[in-house]
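Trainee: I have a model open and would like to learn how to read it. Could you take me through a few features?

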Amino acid sequence: MKVKFFPFFLSLIFLLIFIVFFKGLNKSNIYAPDNIIEKKVPSFSGKLFNQEKEVNSSEIFAEKKFYLVNIWASWCIPCREEHSFLMELNRIENLEIIGINYKDKTDNAKSFLNELKNPYDLIILDKNGTISIEWGAYGVPETFLISDKNIIKKIIGPLNTDSFSEIKDLVR
Amino acid sequence: MKFIKFFLIVLILFNFNLAKAENENLKNEITKNLRCLICQGQSVYDSDSEFANSLKSLVKQKLDDGYKEKEIYDFLKDKYGEWILYEPEFNKNTYFLWLLPILLFLIGGAIIFKLFILKKN
């Protein structure tokens, strides 16, 4: 009995470890949060770009139309890539584009907008990155589509043709 | 009288300092318990990425606003999911994880008991 118990126990442990690792093989190690859809817009307040005015989130999202919140910075290379999409989206009537300027120098941000033109209806400064954390963002660029004070879509990374047409369809 | 006043003012100033230091320690403790989501195997405390630095200043801001440690964890869990916390919560997805060491300890104890103590008798 004693002889049989030990090999059995050992093989049980090995089997357990095998199962754990085997299951881990198929799991992607890139973490994507699943609890972001159908969330309320976070409440925050921040200074406006180019103006000495403080705004509150409840004032910004007050109207009944679509809002596109885009977190950007002049030092962020992918933000240049997606800029043309934002310019295109700016033409849509019932969509307001709100920029969150993430950890940027004001002068650099100004020259960025002068060079590539300004697609934003409103820009909020986020000097230390805390407003972006309120949005649950990981970095720049990141884009949120808002309807009726709910986040209905979140795009991590730059916009591309797929996400661009998806936003266009949702807004229509 | 003047001396007492002076002494009191100095005392108050020192106490303010202490309150600040306590917040700083708590901030470090909290950020050590947070996973830097865009780094590989680093805590927010250890990382110097933009994301981690933003989180550090947010934790500091929340502590200054009078948030409790648990309230900050709940806030971040709501924003980023449970993955951001290093210590997983005890629920139906994790009870195996939490109970396995205890189980292994008990089984090991049983083996030792069987092999050595029962043998002696």
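Trainee: Which elements of chain B have the lowest and the highest mean pLDDT?

Mentor: Good place to start, since this is a predicted model. In chain B, helix 1 (residues 2-32) has the lowest mean pLDDT, 83, while helix 2 (residues 50-64) has the highest, 92. Chain B as a whole averages 87, and 97% of its residues score at least 70. For the complex, the predictor gives an ipTM of 0.74 and a pTM of 0.74.

Trainee: How many residues of chain A and chain B are in contact?

Mentor: On the chain A side there are 12, and they meet 14 residues of chain B. The chain A side consists of four nonpolar, seven polar and one charged residue.

Trainee: Now the interior. Which residues touch the most other members of the largest nonpolar core?

Mentor: The general idea comes first: in soluble globular proteins, nonpolar side chains tend to be buried together. Here the largest nonpolar core has 50 residues, and A:Leu68, A:Ile98, A:Ile146 and B:Leu55 touch the most other members. Strand 4 (residues 66-72) of chain A supplies the largest share of this core, six residues. Leaving aside residues up to four places away in sequence, B:Leu55 touches A:Ile133 as well as B:Thr31, B:Leu34 and B:Val44.

Trainee: How does strand 4 of chain A run relative to strand 7 of chain A, parallel or antiparallel?

Mentor: Antiparallel, with six bridges joining the two strands. To find the register, look for A:Asn70, which stands opposite A:Thr143 in strand 7 of chain A. Strand 7 (residues 142-147) also pairs with strand 8 (residues 150-156) of chain A, again in the antiparallel sense over six bridges. In that pairing, A:Leu145 stands opposite A:Lys153.

Trainee: What lies between strand 7 and strand 8 of chain A?

Mentor: Two residues, and the strands form a hairpin. Check A:Asp148 in the turn: its phi is positive, about 55 degrees.

Trainee: Why is strand 7 of chain A described as largely enclosed by the rest of the structure?

Mentor: Because five of its six residues are buried. Burial is a matter of counting neighbours, with 20 or more other C-beta atoms within 10 Å as the cut-off. A:Glu142 has 21, so A:Glu142 counts as buried.

Trainee: Which residues does A:Glu142 touch, not counting those up to four places away in sequence?

Mentor: A:Ile71, A:Ala137, A:Ile155 and A:Ile156. A:Glu142 and A:Ile156 are 14 residues apart along the chain, yet their C-alpha atoms are separated by 4.8 Å.

Note on methods: Residues numbered from 1 in each chain as written. Chains lettered and ligands numbered in written order. Predicted model: local features only at pLDDT ≥ 70, side-chain atom pairs only at ≥ 80, totals over all residues. Contact = placed C-beta atoms within 7 Å. Nonpolar A, V, L, I, M, F, W, Y, C, P; charged D, E, K, R; others polar. Core = buried A, V, L, I, M, F, W, Y, C linked by C-beta atoms within 7 Å. Buried ≥ 20, exposed ≤ 12 C-beta atoms within 10 Å, placed from the backbone. Helix = DSSP H or I, 4+ residues; strand = E, 2+ residues; numbered from the N terminus. Pairing = 2+ DSSP bridges. pLDDT = per-residue confidence, 0-100.
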